[in-house]
Amino acid sequence: MAFWEIVFFWAGLLIYSLACGGFIYSFVFNNPRVMPKMTLLVALGFLAVTSAIVARFYATGHLPWSGHYEYTLMGGWFIIGGTLFVGWQNKTLQGLAVGTLPLVVIMMGYGYMQDPGLTPMAASLKTVWLYIHVYFAWLSFGGYSLAMAAGVVFLLRSKSDALPVPNPAYDRFPSTGRLNELIFRYVVFGFITDTIMICAGAIWAKDLWGSYWAWDPVETWSLICWLVYGLTIHLRVTFGWRDKRLAWLAVVALSTVIISFFGVNLVVNSSLHAFQVR
Amino acid sequence: MPRSPFSGGLSGGLLFGFAQRDPPLAPLAQAGYYPKAVFVKMFKKIVKALSSLKFTIVLISLLGATFIVGLWVPQARLVKDIYLQWHRNSPRLVEALDAFGLTTIYSSPLTLTLWGLFFLNLALVLWQRVPVVRHRIAISDAKITDPERTPGYPFQACFPLPEGLGAETLLARLRKRRYRVLGNGTGFYGVQNRLAPVAFVLFHVSFYLVLLGGMITVYTEFIGYVDLAQGENFQGELARYNVKPALQLPAIGSPPRVSFTVSSIEPQVVMNTPTSIAVKLLDGQGESHEVGINRPYKTGPTSFVFKHLGMAPHFVLKDPAGKELDNALVKLDVLRRAPDKFDMGGYNFTATFYPDYVLEKGKNATRSMEFNNPTFFIVAERDGKKVGEALVPKNATFEFAGNRLEMPELRYWVRFYVISQRGLPILYLGFAVACLAVIWRMIFYKREVLGAVREREGVPTLVVACRSEYYKNLAEDEFNKLFTKITAA
C-alpha cells in the first residue's frame, strides 16, 4: 500500500466505524438527534476513502479494480457513495446507512486482511470491458445493498410501529409504505445494472477466454444472483409480495451477491475470476 | 385484466378455434366422444399448468438449485483434475453421481429438461400476455372518464388554476412532459410511456435470441488447441492441433481455414505479474495482426485466443567429432515452475527453466518471473542413467558423454485456443435487446392521468386522478410535483 493510502484507508475505516456506532446508538437509545451528525461523519469517511483510492491510483497508475482488497475498497466506495447520494436526494433516507455501513466496514476489514500490496495491472485486465463490467457490478452491488438497508429499516420500523410507544428514531425515515416501494426501486436498479454487468462480462470473456459462458463458479453464482433478483421482481409485480415478505427477500437475496463477490473464491480455487492469466 | 385464452370455461377458444363452453363429459361419453373430450380437457389442464407464473417461479428455483449443485459437485468437464482425483478417492460415489448426471450437470438430461420447460413456459406466458399487452397499449377516447368516479386511480387531487391559465395551455404543458393526451379541458386522458408493456415482450423475446444464438454456437462449434513457436507457419491442418485436450469438430460446417506465420512473441512481466504479451502474426495475404491477452486474432467466425506461453529453445546435438546428430526447436512447458522432458539423439533430457537465474545459498533459483537471465538446468539420461547435467544459458553449450548440446537460439511458443462459433451475432443481439428492454420496462414505466377542469367555489380547478405502474406512494410525490408545476402561473 502507498503511504497516503494507508493513512486515508485507516482514517476512513475509523470514521465509518464511529459513524456505524453512532447510528446504532441512535436506534438503540431512541436518540434521533445524533443521526444528521453521523451522516456528516459518513461523508467525511467517504472523502477519506476517496483519497485512499486516489493515492493508490497515483501509486499504481490504474484504478483499483482487481483482487479482494481492491474489490472491497472500490465496492465500499460505491455502496457508501450510493447511500450518501440517496440521502442527499431525500433527507429521510440518510438513515439507510445503518444497513450499509456495517456491511462496508466488514468488507473493508476483510479486504485489508487479504493482499493489499501494490501490483501492476495484469494483462488480462487491460481492456475497456473491465471498466464496463466492474463498474456495473459495483452499481448493482450498491443497488442491492441499498435494497437490503431499506429492508432492514422497514423491518425495524414495522416492529417499532407495532409498539405502544414507537421509537422516535424512525420518525426520520419514510413511512413503511414508501420504504417498501424503495426496496423495489433499489432492487430494480440493481437488476438493470446486474443484467448489463453479465452481458458485458460475457462479451469480455469471449475475447479473454475464448468462450462467452464457461460455467465458471463466479459466472454461475452471478447467474444465480440474477435469477434470485429476477424472482424477487416477479414475486413483487405478479404475486404482489410486499411489506415484510419483500423486505426479508431483499435482505436474504443480498447473500447471493456477497457469495458471488467474495464467497466463491474462498471455497473454490478453480475460478477464472481470480484474474490470473491461464 | 382480460381473461387468459387458456383459463376458465372458454379455455382453448383461441387456441382450438371453438368458442363454446365445454360440454359436460357424460353425454359425450354416451355419444362415443369420451376419449377425445377427456384428452382435450387434460391437454388444456396441462397447458394451463405449464403456462402458469407459479410454474415459472418453480422452474427458476429449480434451475438455481441445479446450478448450486453444479458448484458443489466437481464437474467432469470443467475441473477435470479435481474430478479425476475425486474419482480415484471415491470411485463408487463418483460413479453413482455420474449415473445421475450430477458430474455433468450443466448438460445433463435433468438440466436440459428444466431449460426446455423454462422456454416452453416462457412461450406460453408470452402467448397469453400478448393480448394483455395489446390491450394495455391501446388508446382511445373511451379512456377519458370522470377523474372523481373512476376506480383504480389511487392518487386524486385538485389544483386551483391561476387566472388566465386555460385548459389548452395546461394540456400543452402536459404534452411537453412526454404525455400523450386525448380530450380537452372538460375531460382528458394522458399517458406517459404508453408502450412500456411492449418492453416486457421484448425482454422475454431476448431469451429466445440468446437461446437461438447459443444453439447455433453449440452446433457449429469447433474447438482445438495449437502450440506454435516463433517463426512457425500454420495452415489450419487438423493433424497439427494438440491431441490433448481433444479436438472438437463442428456438427454443422467445416473446421476453420486459416493461414499465418507467427512472426514474433514478446512477453512482458513486471513484478511477477504478466502485464502484456504481443504475438505478431503474418497472414496469407501478407497482412500483420497483433494478438494479446484480450485481443484474439479473429478471422471470420474463428478466434485464436492466447492461452499459454512456453519456451522454445533451438537445440543442436553434435557427436564428439562435431557431426550434427539432431537439430530441433523444442517446445518446453517450463513456465509453471516445473521441469519438462524432451528426447534427442537417443538421450532423454529433463529441463528446468529459470527466467531470472541466480545461485541462492548454493541452489539454482530465479529472482523473479521476469526474463532477465533466462537459463536452463538440463539433466541428460540414457537408459534411465544420468550421463550429465549442466546450467545452460542462451548461446551456451552442454557437454555430456562426449556429445555437445548447443542452444544457439531461445524462442517462445504460444498455445492458442482456437474456437469457431457462428451464432454470436444473434447471441449479442439477444444481450442488447435484454439490456434495452429491461431499462425500458423498469425505468420508463407507464403513468396515466385522468383530468378535467371544473369550477370549485367559483375558481377554475384542475381535478386529476392518476396512477403509475409499480409505485403508489412514490408516485404521489411525482404527480404532486408534476401538477404543481404545470398549474403554476
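**Exercise 1.** Describe how helix 2 of chain A packs on helix 3 of chain A in this predicted model.

*Solution.*
Step 1, geometry. Helix 2 (residues 34-60) packs against helix 3 at about 145°, and their axes lie 10 Å apart.
Step 2, hand. The crossing of helix 2 and helix 3 is left-handed.
Step 3, residues. Helix 2 contributes Thr39(A), Val42(A), Ala43(A), Phe46(A), Val49(A), Thr50(A), Ala52(A) and Ile53(A). Helix 3 answers with residues including Leu73(A), Trp77(A), Ile80(A) and Leu84(A).
Step 4, classes. This contact holds 10 nonpolar and 5 polar residues, with no charged ones.

**Exercise 2.** Work out how helix 3 and helix 4 of chain A are oriented to each other.

*Solution.*
Step 1, geometry. The axes of helix 3 (residues 67-89) and helix 4 (residues 97-113) come within 8 Å and cross at roughly 165°.
Step 2, orientation. Angles over 145 degrees count as roughly antiparallel, so helix 3 and helix 4 are roughly antiparallel.
Step 3, hand. Helix 3 and helix 4 cross left-handed.
Step 4, residues. Among those in contact are Tyr71(A), Gly75(A) and Ile79(A) from helix 3, and Leu103(A), Val104(A) and Met107(A) from helix 4.
Step 5, classes. The contact residues are 12 nonpolar, 7 polar and no charged.

**Exercise 3.** Analyse the side of domain 1 of chain A that touches domain 2 of chain A.

*Solution.*
Step 1, bounds. The domain assignment gives domain 1 as 1-121 and domain 2 as 122-278.
Step 2, contact. Here 25 residues of domain 1 meet 25 residues of domain 2.
Step 3, elements. Helix 1 (3-28), helix 3 and helix 4 each supply at least two residues of the domain 1 side. Helix 3 gives the largest share, 8 residues.
Step 4, classes. The domain 1 side has 14 nonpolar, 11 polar and no charged residues.

Definitions and conventions: Residues are numbered from 1 along each chain as its sequence is written. Chains are lettered from A and ligands numbered from 1 in the order in which they are written. This is a predicted model: local features need pLDDT of at least 70, side-chain atom pairs count only at pLDDT 80 or more; totals for chains, interfaces and linings use all residues. Axes are lines fitted to C-alpha atoms, for helices over the stretch in contact, and angles run from 0 to 180 degrees between N-to-C directions. Helices (H or I, at least four residues) and strands (E, at least two) are DSSP runs, numbered from the N terminus. Angles under 35 degrees count as roughly parallel, over 145 as roughly antiparallel, 65 to 115 as roughly perpendicular and the rest as oblique. A crossing is left-handed if the near helix is turned anticlockwise from the far one by less than a right angle, and right-handed if clockwise. Two residues are in contact if their C-beta atoms, placed from the backbone, lie within 7 Å. Ala, Val, Leu, Ile, Met, Phe, Trp, Tyr, Cys and Pro count as nonpolar, Asp, Glu, Lys and Arg as charged, and the others, Gly among them, as polar. Domain bounds come from an automatic or database domain assignment.
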